[in-house]
Amino acid sequence: MTKKQPGPSTQSVHLMRSVDPLTHSLIPPVVMNASFAYDDVDTWQAVALKQKPGDIYSRNSNPTARLFEQKVAALEGAEAGTSFATGMAAISTTLFALLSPGQRVISVKDNYGATYLHFLQILPRFNIECVICDTENPEQIETEVAKGCHLLYLETPTNPTLKVLDIARLNAAGKQVGAITVCDNTFATPINQNPIALGTDLVIHSATKYLCGHGDLLGGVVVGSTELVKKIYEFRELTGPMLDAFSAFLLLRSLKTLGLRVERQNANAMAMARFLEAQPQVKSVFYPGLESNKGHEIAKKQMRGFGGILSFDLKGGYQAVKAVLNNLKYAYLAANLGQVETVVGPPATTSHVELTAEERSAAGIPEGLIRYAVGIEDIEDLQADMTQALAKI
Ligand SMILES: Cc1ncc(COP(=O)(O)O)c(C=O)c1O
């Protein structure tokens, strides 16, 4: 009989249990320090040469950050992980660690705005060719990948229009040409989706979002094979955007409730999406859990839950957006997502704040769009609040 894997909630509570040997605290200590001291030079050198376990300097490694990295790696089914000060540090370090001039990257139009700008503006300056495909055209992505691809970069569901990419299909195309495949799994979380099981080499999270869940820190993490993570870690060691120990401690605490929070947010988002579909002021609702959604069949295939974020396009355009947002009581007007509080905003102030109005329009983002990142509040209250805010249009 094969041993059944513990479920994600059991894993997020019990993985990497490490009772502190000195204090017997069942909660891991926050190792807030710059460097680690040894009794003699030989031991110090053995640790530095990785012949003995231990740490030298917190820019390179830190015990609290390491526990967080190991826990996310385990939740994603990866061998190893390395953590960062922000999600963008994780993304840009991954790209710079793995790419060289003359290489070709394939990605899609609907990436998170700052990621999109890496492909549009930053990497081309280093003579790295970035081909941006239509997110909803897998044939185009496959054709471009087949022409040559060193790194295939995916994000699904996308921010803010919740488009769904077929991870297994696109990874298979990438593998045929020997590409490294990367997936930003921030929106889905390891509770809802595990890209590594679908053939992805590296999974990235903005830990600022669901992994934290409380909006009180910034962080990022990359997990994957030991070999690839080592390359990224070595680049991070040189450039320095590591996660600080206190944020790692808070993240370890947050991960224990990840399953509970995400299940509730999945349920709230589904109920809110159905509710909004029935409202006369709403032109369309974007949520992969809706049968009406273009990506629903693929989402059903690769996701266990559809996530806590939806967006909707109001018939009244930007004036209607302002009327609704200015009147919602149980939602913060803010740029974050994935926290226990509902957080809302238009793309112009959230996911695509870095883009000009023309670039947003070229990226297919409607003027009447609101991104609604649902929290863990009671859904009846959220729906009543939405009803009164829609009435203000
Ligand atoms: C999907 C996605 N990836 C990456 C990031 C960047 O993360 P951070 O803000 O932690 O740098 C964000 C931020 O909103 C995001 O939504």
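**Entry 1. Burial at two unusual backbone positions**

I count a residue as exposed if 12 or fewer other C-beta atoms lie within 10 Å of its own, and as buried if 20 or more do. I worked throughout on a predicted model.

I looked up N127 and noted 10 C-beta neighbours inside 10 Å, so N127 is exposed. I located N127 in the loop between α5 (113-125) and β3 (129-133). Its phi is near 60 degrees, a positive value although the residue is not glycine.

I then turned to T189, another non-glycine residue with positive phi, here near 70 degrees. Is T189 buried or exposed? I found 29 other C-beta atoms within 10 Å, and T189 is therefore buried. I placed T189 in helix α8, which spans residues 189-192.

**Entry 2. Cis peptide bonds**

I examined the loop between β4 (151-155) and α7 (167-176), where P157 is found. The bond from T156 to P157 is cis, and I recorded omega near -5 degrees. P160 lies in the loop between β4 and α7 as well. I noted that N159 and P160 are joined by a cis peptide bond with omega of about 10 degrees.

**Entry 3. The sheet of seven strands**

I traced an open sheet of 7 strands in the order β1-β7-β6-β5-β4-β2-β3 and noted that its pairing is mixed. Which strands form the edges? I identified β1 and β3, each of which pairs on one side only. From one strand to the next, I recorded an average twist of 20 degrees.

At the β3 edge, I found 5 bridges between β3 and strand β2 (residues 104-108), and these two strands run parallel. I noted V108 as the bridge partner of C133 in β3. Helix α5 packs on this sheet and touches β2, β3 and β4. I recorded about 150 degrees between the direction of α5 and that of β3.

**Entry 4. Strand β7 and its neighbours**

I next followed β7 (residues 220-224). How many of its residues are buried? I counted 5 of 5, so to describe the strand as mostly covered agrees with the cut-off of 20 or more C-beta atoms within 10 Å.

In a regular strand the side chains alternate between the two faces of the sheet. I therefore checked the two sides of β7 separately: G220, V222 and G224 are buried on one, and V221 and V223 are buried on the other. Both faces of β7 are covered.

I found β7 joined to strand β1 (residues 80-84) by 5 bridges, with the two running antiparallel. In this pairing F84 stands opposite G220. I also found 5 bridges between β7 and strand β6 (residues 202-206), again antiparallel. I noted G220 as the bridge partner of S206.

**Entry 5. Surroundings of the ligand**

I listed 13 residues around the ligand, the closest being T86, G87, M88, S206 and T208. S206 is thus among the closest residues to the ligand and is also the bridge partner of G220 in β7. I sorted the shell by residue class and obtained 4 nonpolar, 7 polar and 2 charged residues.

**Entry 6. Packing of α3 on α10**

I looked up the pair formed by helix α3 (residues 63-76) and helix α10 (residues 245-255). The two pack at about 35 degrees, and their axes are 8 Å apart. I recorded the crossing as left-handed. On α3 the contact is made by T64, A65, L67, F68 and K71. On α10 I noted A245, A248, F249, L251, L252 and L255. The contact residues divide into 9 nonpolar, 1 polar and 1 charged.

**Entry 7. The sheet of five strands**

I traced an open sheet of 5 strands, ordered β8-β9-β12-β11-β10 and also of mixed pairing. I identified its edge strands as β8 (282-286) and β10 (332-333), each pairing on one side only. Strand β8 is joined to β9 (residues 309-314) by 4 bridges, and the two run antiparallel. I found V282 opposite L314 in β9.

Which strands does helix α11 (residues 258-277) touch as it packs on the sheet? I noted β8, β9 and β12 (369-373), with the direction of α11 at about 15 degrees to that of β9. Helix α13 (residues 317-325) lies across β9, β10, β11 (343-345) and β12. I recorded that α13 runs at about 125 degrees to β9.

Definitions and conventions: Residues numbered from 1 in each chain as written. Predicted model: local features only at pLDDT ≥ 70, side-chain atom pairs only at ≥ 80, totals over all residues. Near = placed C-beta within 6 Å. Nonpolar A, V, L, I, M, F, W, Y, C, P; charged D, E, K, R; others polar. Pairing = 2+ DSSP bridges. Axes fitted to C-alpha atoms, helices over the stretch in contact; angles between N-to-C directions. Left-handed = near helix turned anticlockwise from the far one by under 90°. Contact = placed C-beta atoms within 7 Å.
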